[in-house]
Amino acid sequence: MQGACVSIWCVCICVSVLLRSAISQPPTESDTYTECTDGYHWDLQTEHCKDINECDTIPDACKGGMKCFNHYGGYLCLPRSASVIPAPEPAITPTESNPCPLGYEAQDDSCVDINECERDEHDCQPSQQCINTLGAFNCQCPDGYRKVGTECIDIDECRYRYCQHRCVNVPGSFSCQCEPGFQLAGNNRSCIDVNECEMGAPCSQRCYNTYGTFLCRCDQGYELDADGLTCKDINECGFSSFLCQFQCVNEPGKFSCVCPEGYQLQGSRLCQDINECETGEHQCTDTQTCVNIHGRYQCVDANRCQEPYVQVSENRCVCPVSKPACRDLPFSIVHRYMSITSERSVPSDVFQIQATSVSPGAYNTFRIRSGDENGDFYIRQINNISAMLVLARAVSGPREYTLDLEMVSVNPLISYQGNYQTSSALRLSIYVGPYTF
């Protein structure tokens, strides 16, 4: 006599309980079997062992507020919040026509597994994949889904922080996205910095990559515009009027200083007068003397002595006492030349007069004999032998003054008929330039 065989397939507590029937092997044709394993009783009608529902037959089978759940061959006491998903109904036990267990079929003298998936003898949903197992089959959900009961539910992978930056869940899968300035790494989850400078960042001049972004910078002489991308020229000339001595010229990215005609740039900002008389850049004749002045030159006659004066040196004229016309004229005239700038601050010392020889006991005074009709100058005597020509008010050029500065000497020690008096003059040609430097 063969014994009964009971199989419990699966029990899940708290979340679900999956039950599989216990199948007793049938008796052979010549045996009569009426005994069953504990938890089963013999059913005369079906002539099979049938499960006993202890939850109905045992009074107060579960205590302490627990709920009774029957299963094949026994019962479970579970919390009332628990649920049970029953297993499929047990298949018909082997009969004389199919002596093999459920999920198998007779082939020659042995039992072989039935592939329910190939025979389409399964209840998997169209979205599920049927997986054959020994004596049964499983319904498997696609990747990205999990099985809840008989349904396949999408797995929200974004809940598990798979992505470094942003995660976008889609049915059955997910995708990672990066913040601006980053791109997905080879693992499709991490984000790495993008070097925008190597990818054509719209900086007009210089680009510096930073983590997640980039910065635009400008060359010297330019400044970043409000858009943070474009560089615009800085007008350095508008910052200060002292950048250049004469004139500032703005250029793209820089500035330069220029000087007026007759001057040359010294260094980067100062203007220096060109001495055309020394460089030979003049057109004076052999009978003329070149006199350099601010920004230009002047050609004067080599002999500027006028009657009754006679030339005794290159720039000195003497009026002989033997000539009657010399009686009321300075004994000698010395020619000098100088130039000053326009709008010179006043009062301003211009030229110092110095006596070259003085007689013992002589008393000297200095005055402007001629050439200052408008009172632009005055004399400030320093001592008995020197005086200073002072500019009294600002003058603008181009303009030329010819001043006769006279030194009158009175010597009481030499007395023929009263005090002895003599004088000498300095003829000073002053050229006022057109510029203020």
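Helices and strands here are DSSP runs, with at least four residues for a helix and at least two for a strand. Keep that in mind as we walk through this predicted model. Over residues 154-192, the chain is 0% helix and 41% strand, and the C-alpha atoms at its two ends sit 29 Å apart. Now slide along to residues 193-232: here you get 0% helix and 40% strand, with the end C-alpha atoms 29 Å apart. Both stretches carry the label "domain: EGF-like" in an unreviewed UniProt entry, which also puts it on residues 113-153 and 233-272.

Let's zoom out for a moment. The protein has three helices and 33 strands. Of its 437 residues, 30% count as buried.

Next up, the disulfides. A disulfide is a covalent bond between the sulfur atoms of two cysteines. This structure holds 19 of them. Take the one joining Cys117 to Cys130, with an S to S distance of 1.8 Å. Cys117 belongs to helix H2 (residues 116-119) and Cys130 to strand E7 (residues 129-133), so the pair ties together parts 13 residues apart in sequence. The torsion about their S-S bond is about -75°, so this disulfide is left-handed. Cys130 has a relative accessible area of 17%, and buried means under 20%, so Cys130 counts as buried.

Another disulfide links Cys277 and Cys290, whose sulfur atoms are 1.9 Å apart. Cys277 lies in helix H3 (residues 276-279) and Cys290 in strand E23 (residues 288-293), so this pair ties together parts that are 13 residues apart in sequence. The link is left-handed, with -80° about the S-S bond. As for Cys277, its relative accessible area is 24%, which makes it partly exposed.

Now head further along the chain to an open sheet of three strands, in the order E28-E31-E30, with antiparallel pairing. Strand E28 (348-354) and strand E30 (377-381) are the edge strands: each has a single partner, so one side of each is left without a neighbour in the sheet. From one strand to the next, the twist averages 25°. Strands of a sheet pair through backbone hydrogen bonds. E28 and strand E31 (residues 386-391) pair over six bridges, and Phe351 stands opposite Leu389 in E31.

Just one more stop: is Asp376 buried or exposed? You'll find Asp376 in the loop between strand E29 (363-370) and E30. Asp376 is buried, with a relative accessible area of 3%. Leaving aside neighbours within four places in sequence, its contacts include Val390, Leu391, Arg399 and Tyr401.

Notes. Residues are numbered from 1 along each chain as its sequence is written. This is a predicted model: local features need pLDDT of at least 70, side-chain atom pairs count only at pLDDT 80 or more; totals for chains, interfaces and linings use all residues. Side-chain values use heavy atoms; hydrogens and water are left out. UniProt positions are given in the numbering used here, feature names are shortened, and annotations may be inferred rather than shown by experiment. Two strands pair if DSSP finds at least two bridges between them. Axes are lines fitted to C-alpha atoms, for helices over the stretch in contact, and angles run from 0 to 180 degrees between N-to-C directions. Buried means under 20% relative accessible area, exposed over 50%, partly exposed in between (1.4 Å probe, protein chains only). Contact means heavy atoms within 4.5 Å. A disulfide is a pair of cysteine sulfur atoms within 2.5 Å.
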